[in-house]
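Thanks for sharing this one. Here are my notes, set out point by point so that you can follow along in your viewer.

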Amino acid sequence: MPAFITFGRILFAVLFLYSGASKLFGIQATADVIAAKLTIPAIAAPYTQQIETFVGMPFMQLLAIVVGGFEILAGLMIAVNVLARFFALLLIVYVCVVTFYFHDFWNQPAPDNLRTLIDALKNLSLIGALFIIAGYGRGPRRDDPAYGDV
């Protein structure tokens, strides 16, 4: 059973590794998608301008880099089973936010929203898998009963 779980973690992490890498290889395209869906609130605009001045790049590009790096880091940590619960919980929040902002099928007309609805349902299943990883963690220790032995 542990070999299947390890293999499953690695296969699950491939999605986040690929997604993060594609965001980093297409930073401007990712920044454009984020800018189209996400607006900075007026109260946070002065802070984002300070960040832009400090790093010397537009905030949406910086956000694209941070998001891509986070996906790669979280995918690697889940694949190698280091702090897997922590990163699974962070990814739950991340996938919920992404689903709300980028897969808003409720704002689209009926024939066009099918693809977005399917993507939102896929994200819902990812959230379910992340809850399993968060609940299962590193797995049983030698003196604990195995997962199925309860």
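The points below go from the overall fold to the core, the salt bridges and the surface.

1. **What kind of model it is.** Please keep in mind that this is a predicted model. The chain has six helices and zero strands, so in order from the N terminus the elements read α-α-α-α-α-α. Along the principal axes, the C-alpha atoms fit a box of roughly 55 × 45 × 30 Å.

2. **Burial and contacts.** The chain has 150 residues, and 33% of them count as buried. Among contacts with a separation of 6 or more, 67% join residues 24 or more positions apart. The chain exposes about 9800 Å², with carbon and sulfur atoms supplying 71% of that area.

3. **The largest nonpolar core.** Nonpolar side chains tend to be buried together in soluble globular proteins. Here the largest nonpolar core holds 19 residues, and the members that touch the most others are Phe12, Ile78, Leu91 and Leu130. Helices H1 (2-25), H4 (59-80), H5 (84-102) and H6 (113-136) each give two or more residues to this core. H5 gives the most, with eight residues.

4. **Phe12 up close.** If you want one residue to click on, try Phe12. Setting aside neighbours within four places in sequence, Phe12 is in contact with Ile78, Leu126, Ala129, Leu130 and Ile133.

5. **Helix H4 and what follows.** How does the span of H4 compare with what its 22 residues should give? At 1.5 Å a residue the expected value is 32 Å, and the end C-alpha atoms of H4 are 31 Å apart, which agrees. Right after H4 comes Asn81, which has a positive phi, near 65°.

6. **A salt bridge between H1 and H4.** The count comes to three salt bridges. In one of them, the side chains of Lys23 and Glu71 meet at 3.3 Å, N to O. Lys23 is in helix H1 and Glu71 in helix H4, so this pair ties together parts 48 residues apart in sequence. Both partners are buried: Lys23 has a relative accessibility of 18%, and Glu71 has a relative accessible area of 2%.

7. **A salt bridge from H2 to a loop.** Lys37 and Asp104 also pair through their side chains, again with 3.3 Å from N to O. Lys37 belongs to helix H2 (residues 27-37), while Asp104 sits in the loop between H5 and H6, so the link bridges parts 67 residues apart in sequence. Lys37 is partly exposed, at 35% relative accessible area, whereas Asp104 is buried, at 13%.

8. **A salt bridge within H6.** Arg115 pairs with Asp119, their closest N and O atoms being 3.8 Å apart. The two are four residues apart in helix H6, which means a separation of about one helical turn. Is each partner buried or exposed? Arg115 counts as exposed, at 55% relative accessibility, and Asp119 is buried, with a relative accessible area of 17%.

9. **A nonpolar patch on the surface.** Val80, Val82, Leu83, Phe86 and Leu90 make up a nonpolar surface patch with about 440 Å² of accessible area together. Leu90 lies in helix H5 and counts as partly exposed, at 33% relative accessibility.

10. **A last look at H1.** Thr6 is placed in helix H1 and counts as partly exposed, with 42% relative accessibility. Its C-alpha atom is 22 Å from that of Ala21, 15 residues away along the chain.

Technical notes
Residues numbered from 1 in each chain as written. Predicted model: local features only at pLDDT ≥ 70, side-chain atom pairs only at ≥ 80, totals over all residues. Heavy atoms only, no water. Core = buried A, V, L, I, M, F, W, Y, C linked by side-chain atoms within 4.5 Å. Buried < 20%, exposed > 50% of the residue type's maximum accessible area, 1.4 Å probe, protein only. Contact = heavy atoms within 4.5 Å. Expected span 1.5 Å × (residues − 1). Patch = residues over 30% accessible without salt bridge, like charges linked within 9 Å, V, L, I, M, F, W, Y side chains within 5 Å. Areas by Shrake-Rupley, 256 points an atom, 1.4 Å probe, with all protein chains shown as cover. Salt bridge = Lys/Arg side-chain N within 4 Å of Asp/Glu carboxyl O.
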